There are 2 protein chains.
Amino acid sequence: MFNQLGVIGCGLMGGSFALALKRAGLVKRVVGYSKSPSTTELAKRLGVIDVAAESALLAVSGSDIVLMAVPVAATEATFGAIRHGIKDGMLVMDVGSTKRDVVDTARRVLRQQIGNFVPAHPIAGSEQSGVAHADASLYNSRQVILTPLPQTQPDLLRKATDVWTAIGAQVLRMTPENHDAAFAAVSHLPHLLAFAYFSAIANQPAGRDFLSLAGPGFRDFTRIAASDPAVWRDILLANREEVLKQSQRFRFALDALEHVMLAGNTQALEDLIRSASDARGAWQIGGVPRGPAVK
Amino acid sequence: MFNQLGVIGCGLMGGSFALALKRAGLVKRVVGYSKSPSTTELAKRLGVIDVAAESALLAVSGSDIVLMAVPVAATEATFGAIRHGIKDGMLVMDVGSTKRDVVDTARRVLRQQIGNFVPAHPIAGSEQSGVAHADASLYNSRQVILTPLPQTQPDLLRKATDVWTAIGAQVLRMTPENHDAAFAAVSHLPHLLAFAYFSAIANQPAGRDFLSLAGPGFRDFTRIAASDPAVWRDILLANREEVLKQSQRFRFALDALEHVMLAGNTQALEDLIRSASDARGAWQIGGVPRGPAVK
């Protein structure tokens, strides 16, 4: 049970975390701050937060749990703004989709407060961003990755694990390096490929006619191409090396398929497709089964 | 109204067409043939067909409408088998996902009966193949592309248009060349990319661990990677030139994105992503709106 949750960035992720803790009776009071006052006001009007703070530092002061739900690019400035407000026993978490960059920034900016920071990546989200879409169930049956540092205080790591578990999430721990390598493969590269594919189709002379013929397969394959440009710009740059490594592996696999197509090697082509098809057929989404959702 | 529908290939596509015509009261009798007798028997037991024929030719004889719903690779053999059974006024259609190859084969094999053939591609399907999944509504609110030839008999083209329209489909006409170029872009390339991507992820040392972390975005992006290997082997080979052309356009778009990532050009990266994101956000699935379905 916490006395006060400080939410910095009252958007979908921060707002949903606040609602989830309230619904679970895990927090007495939620203080929120967003860069845009209108967002903070809306969050208060919607009952997502109880008090609108004038600054990130004010949202932190008096809180025993803090969630930073700001764009990756705003991480450094936010750490700088709250640094002097971080007191003993205060749990500070983020929700960033990349972890090495966040951890490096935390080390650099938080210094002696680094032990209070538990880097977190909830595998949840929605194409619909903004506090208006905040949902107390957003993290239910979702995976949350924690990437603790050697300096992370064990009791705060335990608290972080408990609070995510209490709102229905499945908590996993890994190193920031393993996290970024894994999500380059299963999340960041697919977004890069979807952006590239949609651009290639849309930016050709007959693109408009082609798009009018696209069906359900195309719809699902390209859904993530509609993701937020600023968010994905930051993710792709922050995790550039791992994404490019995965892209190289993808290009090799594409080369192999095109090679057998060009060679007219029917059996080899079927074998390559079948290995992918069988593997995908056997795959199931991680974490606890739940209905459709988007990330 | 038709007296007899001859279905060659009593799978999902052929079976669903039979059920749709029956439900719409457009046919008195359905005669079906499948390469595997057990399939034909199952189709009869399920009431998808009324009579099980011993051969493709027998399924055609006495029919005034024939649907060939066989794998693309079986098209030539099927045309050869039914050729002498095609009588005046008989409408013969296929359901192939590629059209130039089917049309070339029809010209070569059907010869003077070519006028009875109306090449068709219904943009519908399911990951669940087989007559057991046949559904009278499969083509409802779907697009059906007809690619008539100069020799196609106008009255049969009209009949083909009427029957698809009567079971709820939206009929479009284009040349076989335009059809294959369009579907290379919006259907065949996405399948190739999904096969390549899934192979690349699954076939790396940490692949198994990575897959356990994949979320809803990955699920939707890779759904088509589970498609039937034999079907897609045939499609990718039959439409190889157009698919490789589209793949080249895709590679250029991917190169452009990776170039600005490597250059750390934040604004250029955001601009490229935004153009794709905005275009995808504005896109809607063609044809009459309907619930989720898969192709």
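**Exercise 1.** In this predicted model, determine which residue of β8(A) stands opposite A:Ala120, and describe the sheet around that pair.

*Solution.*
Step 1. The residue facing A:Ala120 is A:Leu146 of β8(A).
Step 2. Strand β8 of chain A spans residues 143-146, and its pairing with β7(A) is antiparallel, with three bridges.
Step 3. Extending the view to the whole sheet, one finds three strands of chain A in the order β7-β8-β9, forming an open sheet with mixed pairing.
Step 4. At the edges lie β7 (120-122) and β9 (170-173) of chain A, each of which pairs on one side only.
Step 5. The average turn between neighbouring strands of this sheet is 20°, direction ignored.

**Exercise 2.** Characterise the extent of the interface between chain B and chain A, and state how many salt bridges cross it.

*Solution.*
Step 1. Contact involves 86 residues of chain B and 86 residues of chain A.
Step 2. The two chains bury about 7800 Å² between them, and carbon and sulfur atoms account for 69% of this area.
Step 3. Eight salt bridges are found across the interface.
Step 4. A salt bridge requires a nitrogen-oxygen distance within 4 Å; B:Arg251 and A:Glu258 form one at 3.3 Å, N to O.
Step 5. Polar contacts between chain B and chain A comprise 32 residue pairs.

**Exercise 3.** Identify which element gives the most residues to the side of chain B that touches chain A, and give the composition of that side by class.

*Solution.*
Step 1. Elements of chain B that each supply at least two residues include β8 (143-146), α7 (176-202) and α11 (240-263).
Step 2. The largest contribution, 18 residues, comes from α7(B).
Step 3. By class, this side of chain B holds 56 nonpolar, 16 polar and 14 charged residues.

How values were computed. Residues numbered from 1 in each chain as written. Chains lettered and ligands numbered in written order. Predicted model: local features only at pLDDT ≥ 70, side-chain atom pairs only at ≥ 80, totals over all residues. Heavy atoms only, no water. Contact = heavy atoms within 4.5 Å. Buried area = accessible area lost by both parts, 1.4 Å probe. Salt bridge = Lys/Arg side-chain N within 4 Å of Asp/Glu carboxyl O. Polar contact = N/O pair within 3.5 Å; in protein donor to acceptor, adjacent residues only side chain to side chain. Helix = DSSP H or I, 4+ residues; strand = E, 2+ residues; numbered from the N terminus. Nonpolar A, V, L, I, M, F, W, Y, C, P; charged D, E, K, R; others polar. Pairing = 2+ DSSP bridges. Axes fitted to C-alpha atoms, helices over the stretch in contact; angles between N-to-C directions.
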